[in-house]
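Me: I've got a two-chain model open and want to talk through how it is put together. Can you take my questions one at a time?

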Amino acid sequence: MTMTKRERTLVFILLVLIVIGAYWLLFLSPYIEDMKVLTAQTQENQTLLYNKSQQQIKNNELLKDLSDNERQVAELSAGITQGYDQPAILVYLEKTVKEHAAKQTFSFSEIRQTGQMIACPVTVTMQSSYDGIKEVLSALADGKYFAKVTGLSAQQGAEEEVTTTETTEDGETVSSTTTQPSDKLDVILNLEFYCLTGDIPADAQYSFDSGHEFGGDVFK
Amino acid sequence: MKNDINLFVKRKNTKNTKKIVAGVLIGAAFLAAFAAFGILLPMNNRVDAQAKLAELEQQLQSYDFTEEDLLANTEKNAMLTQQFEELTRLHESRSDILAYLGDIEDALPTSAQITYMSLTGNQLQITGTAPGDAEVATLSLHLRESDLFSSVFVSSSTVSEESDETMFTLTAALPVSLSGEALVEAGSETDGENSEEETPEQTEEVAS
């Protein structure tokens, strides 16, 4: 079978078309699709990388700020405990006041939250000398709990009757009663103890919680 | 004639052979160009693109923090910043009561004495006795000169019938309220400017 020249030309064109079609279908089209996907992924990753680098810068700044803030907060938090530990404050307050004054009353008011802190108001009523007041204030300022004085009033105590007994030359005993101003002051001290919100640490140690017996008739 | 021998060799058609050779060469060149530009180049491009993508992914993996970490750090920092601001405010609002007492001690003439003293809010109130108004005025003057008190105001001065001493009441403003916020500037020398306070002429109950 012989083909005419025209037929050969047609067959040749057909073969060329088949080759081009096969190239398109088997190689070029998948390649273009792959490249589209790769380009999209590359662009996406470049965007992600840029965002990550920006986040890295921000994170580094944040970590620095965090470190600074943690240090400053630690410095300022001296005496500010975690959670309102009223039993410990009660014992501390009694010890501090009794060292320099005669305690009369501790009146604890309702706590109030201020931001991340709790203010725990206490009114201390005591009798003390003027120096005793200053000692109490000084002890509270340097104490292990952060206490803020929100009010102070001091009044000279009521006049006291002083009885003096003297023995005369005749051997008689003479008693005389005079009134003189008290050297003690009636003091009302308004305090606020500050602590951070949250629970009291589970490992808190109490020096006063020892040497007791428990149980039995509670009205005994 | 029938048995004549053609002594001349039949000449080959060299023109057609050349054409075929040329055609084959052109075809080979075309195939080579096609293979180079149509297949190898795209394949190289794909390999390069894949390598670039892999490199980017590796760079992305080199970041050892996640967005959750960043968010957590941001929240923690915001909380710490708020805590720091609150603590700063708290420390600024914590008045040094001993400094107030020290200034009162320095201002009070030894011949005068205080019977009642109150520091509440942003006000100091003193009630006491003195030999005369000169001592009360001295106390007022010294308190006014102090850095800690302002608006010093003698609200009453009365001579006691029993002891012939002058009983006085004096108020002054503190720079910071003991319960918190800053109220007045320290060291102000404007006496009696408090709107609730009356003028000295109105209130000075000097019983001679």
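Me: How many bridges pair S1(B) with strand S2 of chain B, and in which sense do they run?
Reply: First, this is a predicted model, where local features need pLDDT of at least 70, side-chain atom pairs count only at pLDDT 80 or more, and totals for chains, interfaces and linings use all residues. Residues are numbered from 1 along each chain as its sequence is written, while chains are lettered from A and ligands numbered from 1 in the order in which they are written. Strands here are DSSP runs of E, at least two residues, and helices are runs of H or I, at least four, numbered from the N terminus; two strands pair if DSSP finds at least two bridges between them. S1(B) and S2(B) (residues 123–130) are antiparallel, and the count is seven bridges.

Me: Which residue takes a positive phi in the hairpin of S1(B) and S2(B)?
Reply: Along the paired strands, Gln113(B) sits opposite Thr129(B) of S2(B). The hairpin has two residues between the strands. The positive phi, near 55°, belongs to Gly121(B).

Me: Which strand of chain A is joined to S1(B)?
Reply: Look at the bridge partners across the chains: Gln155(A) is opposite Tyr116(B), and Leu152(A) is matched with Leu119(B). Five bridges make the join, and the two strands run antiparallel. The strand from chain A is S5, residues 147–156.

Me: Which element gives the largest share of the side of chain B that touches chain A?
Reply: Count contacts as residue pairs whose C-beta atoms, placed from the backbone, lie within 7 Å. That puts 43 residues of chain B against 44 of chain A. Elements giving two or more residues on the chain B side are H1 (14–62), H2 (67–93), H3 and S1 (113–120). The largest share, 15 residues, comes from H2(B).

Me: How do H3(A) and H3(B) lie to each other, roughly parallel or roughly antiparallel?
Reply: Helix H3 of chain A (residues 130–141) and helix H3 of chain B (residues 97–107) have axes 9 Å apart, at an angle of about 150°. Axes are lines fitted to C-alpha atoms, for helices over the stretch in contact, with angles from 0 to 180 degrees between N-to-C directions. Under 35 degrees counts as roughly parallel, over 145 as roughly antiparallel, 65 to 115 as roughly perpendicular and the rest as oblique. H3(A) and H3(B) are therefore roughly antiparallel.

Me: Which residues of H3(B) make that contact with H3(A)?
Reply: H3(A) brings Lys134(A), Leu137(A) and Ser138(A). On the other helix, H3(B), the residues are Ile97(B), Leu98(B) and Leu101(B).

Me: Which strand gives the most to the largest nonpolar core?
Reply: A nonpolar core is a set of buried Ala, Val, Leu, Ile, Met, Phe, Trp, Tyr and Cys residues joined through C-beta atoms within 7 Å. Buried means 20 or more other C-beta atoms within 10 Å of a residue's own, exposed 12 or fewer, partly exposed in between, with C-beta atoms placed from the backbone. The core has 53 residues, and those touching the most other members include Phe193(A) and Phe149(B). With seven residues, the strand giving the most is S8 of chain A, residues 185–196.

Me: What share of chain A counts as buried?
Reply: Chain A has three helices and eight strands, in the order α-β-α-β-β-β-α-β-β-β-β from the N terminus. Of its 220 residues, the share that counts as buried is 16%.

Definitions and conventions:
Two residues are in contact if their C-beta atoms, placed from the backbone, lie within 7 Å.
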